[in-house]
Structures are given as C-alpha cells and as structure tokens.
Amino acid sequence: MRIVFIGPPGAGKGTQCRRLSAHYTIPHLSTGEMLRKASRDTPVGRVVGAYIDNGQLAPDPLVMRIVRKRLQRNDCRRGSLFDGFPRTVIQSELLDEHLSAMGQKVDIVLDLQVKEAELVERLLARAEVEGRDDDTAETIQRRLHVFRTQTAPVLDYYAGRGLIEQIDGQRTADEVFDEICDRIDTRLRNQEPG
Ligand code: AMP
C-alpha cells in the first residue's frame with residue numbers, strides 16, 4: 001500500500017505519519033527529514049539548507065533523486081508512506097512514472113485540512129519547542145504561500161484520479177488518527193478482490 005500524505009506546514013503530518021507507519025508497518029518517507037539530513041555537510045547539502053531556511057521548495061530533480069534512491073531499499077517493497085511529498089505536480093507525475101515502471105501505484109492520498117490561523121499558531125508554538133530554523137513568522141508565511149500555490153494543485157492532480165480522502169485536522173491527534181485509519185481500512189477492503 002502506498003499512501004501520500006498532504007497537508008500544509010503545521011497540520012500535524014509528521015505526528016500522524018509516525019503513528020501510521022507503525023500501525024501499518026510501512027516505512028515513513030519524509031522528504032523534509034531526508035533533506036534536513038542531507039543538509040550542511042556537503043556543497044549540495046548547503047544549497048538544500050538554503051532552500052529550507054527560506055521556506056522555498058528544493059528543486060524537483062534533487063528531491064526525485066533522493067526519493068528514487070530511498071524507494072530502492074527493500075523495506076519499500078510492501079509499501080510506503082510519503083510525508084511532504086509530492087509537493088509539486090511535476091513531482092506527482094514523476095512519482096507515478098517511477099512507481100508504474102515497478103508495477104506499483106499510489107493507492108490513497110490523505111488531504112489533512114487545518115485553517116491558516118491555527119497553522120500559524122501551531123508553528124510558532126513548535127518553534128519554541130523544537131527550534132527549527134524554518135519556523136519563524138516570516139518563513140511560515142512563505143511556506144504557507146508555497147503550499148497554496150505549488151502544492152495545492154497536487155490535490156487536484158490526485159482528485160482527478162479519485163484518490164483523495166479529506167481529513168479534518170482540527171481535532172485531537174487521536175481523533176484524526178482514528179479517522180485516517182478508518183478511511184485507509186475502507187479503501188483496503190474495497191480493493192480486495194471478491
Ligand atoms: P517539511 O519537514 O515537510 O515541512 O519540509 C521542510 C522543508 O523541506 C520544506 O519547506 C522544503 O524547503 C523542503 N522540502 C520537503 N519536502 C520537499 C519536497 N517534496 N519538495 C521540495 N522541497 C521539499
């Protein structure tokens with residue numbers, strides 16, 4: 001099973017993905033985490049770090065290279081949970097191409113919805129706890145803008161394929177988790193032959 005998890009920054013994707021990854025025993029592939037790790041130690045890493053710090057998207061070819069490499073590992077045979085990827089329509093198309101060459105596909109796309117005012121509040125609170133460099137008031141606005149302009153079209157892309165499940169993210173983490181599991185289980189049941 002391949003799940004794409006889409007939501008604006010601060011919607012709670014990371015928290016939900018960690019739980020879902022354990023519950024369904026599929027690897028959690030967070031491009032944000034991968035890019036943050038690649039950061040700083042190498043010339044490419046320093047360039048990537050600059051994109052992250054500015055709240056802009058890293059270039060598609062670079063992101064695709066990292067994802068393709070990760071998908072080659074054995075643990076991805078059973079499935080994968082994509083967190084924060086794809087973030088552009090081009091990434092969605094390239095992911096589809098890559099998966100279809102392996103006889104695989106995206107099975108479900110979770111669209112985690114939270115109002116912008118609440119996102120800003122949550123991100124500023126996270127800044128105090130985690131100290132992420134890209135959780136400043138200015139960068140948060142830029143990341144929300146990037147989401148609206150570059151990532152929201154990804155939802156249209158998948159909606160056209162009937163893959164979207166909209167989830168109300170303005171509830172407790174437990175409630176959101178239960179609802180997501182229900183939606184996934186229903187899709188899985190409907191996929192089973194007979
Ligand atoms: P995240 O941890 O998902 O909030 O991502 C943090 C930052 O990493 C983003 O603001 C982007 O700069 C970069 N990033 C993460 N995923 C992608 C992606 N799929 N495409 C481009 N840039 C990304």
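How many helices and strands does the secondary structure of the chain come to? The count is 8 helices and 5 strands, in a model that is predicted.

**Figure 1. The whole chain, from end to end.** Let us start with the overall picture. Following the sequence, you will meet the elements in the pattern β-α-β-α-α-α-β-α-β-α-α-β-α. The C-alpha atoms fill a box of roughly 50 × 35 × 30 Å along the principal axes. A compact globule of 194 residues would have a radius of gyration near 16 Å, and the chain agrees with this because its own value is 16 Å. Buried residues account for 45% of the 194 residues. The chain exposes about 10,100 Å², with carbon and sulfur atoms supplying 50% of that area. Take contacts between residues at least 6 apart in sequence: 74% of them join residues at least 24 apart.

**Figure 2. The open sheet, strand by strand.** Here 5 strands lie in the order β2-β3-β1-β4-β5, and their pairing is parallel. At the edges are β2 (28–30) and β5 (164–168), each of which pairs on one side only. From one strand to the next, the twist averages 20°. As a reminder for this view, strands of a sheet pair through backbone hydrogen bonds, either parallel or antiparallel.

**Figure 3. Strands β1 and β3 side by side.** Zooming in, we find β1 (residues 2–6) joined to β3 (residues 80–83) by 4 bridges, the two strands running parallel. A handy landmark is valine 4, which stands opposite phenylalanine 82 in β3.

**Figure 4. Helix α8 against the sheet.** Which strands does helix α8 touch as it packs on the sheet? Helix α8 (residues 173–191) touches β1, β4 (108–113) and β5. The direction of α8 makes about 160° with that of β5.

**Figure 5. Arginine 70 and its surroundings.** This last close-up moves to helix α4 (residues 60–71), where arginine 70 has its place. Is arginine 70 buried or exposed? Its relative accessibility is 14%, so arginine 70 counts as buried, the cut-off for that being under 20%. Look next at the side chain of arginine 70, which makes a polar contact of 2.7 Å with the side chain of aspartate 75. Setting aside neighbours within four places in sequence, arginine 70 is in contact with Pro27, Leu29, Met34, Asp75 and Cys76. Aspartate 75 thus appears in this view both as a polar partner of arginine 70 and in its list of contacts.

Technical notes:
Residues numbered from 1 in each chain as written. Predicted model: local features only at pLDDT ≥ 70, side-chain atom pairs only at ≥ 80, totals over all residues. Heavy atoms only, no water. Pairing = 2+ DSSP bridges. Axes fitted to C-alpha atoms, helices over the stretch in contact; angles between N-to-C directions. Contact = heavy atoms within 4.5 Å. Rg over C-alpha atoms; globule rule 2.2 N^0.38 Å. Buried < 20%, exposed > 50% of the residue type's maximum accessible area, 1.4 Å probe, protein only. Areas by Shrake-Rupley, 256 points an atom, 1.4 Å probe, with all protein chains shown as cover. Polar contact = N/O pair within 3.5 Å; in protein donor to acceptor, adjacent residues only side chain to side chain.
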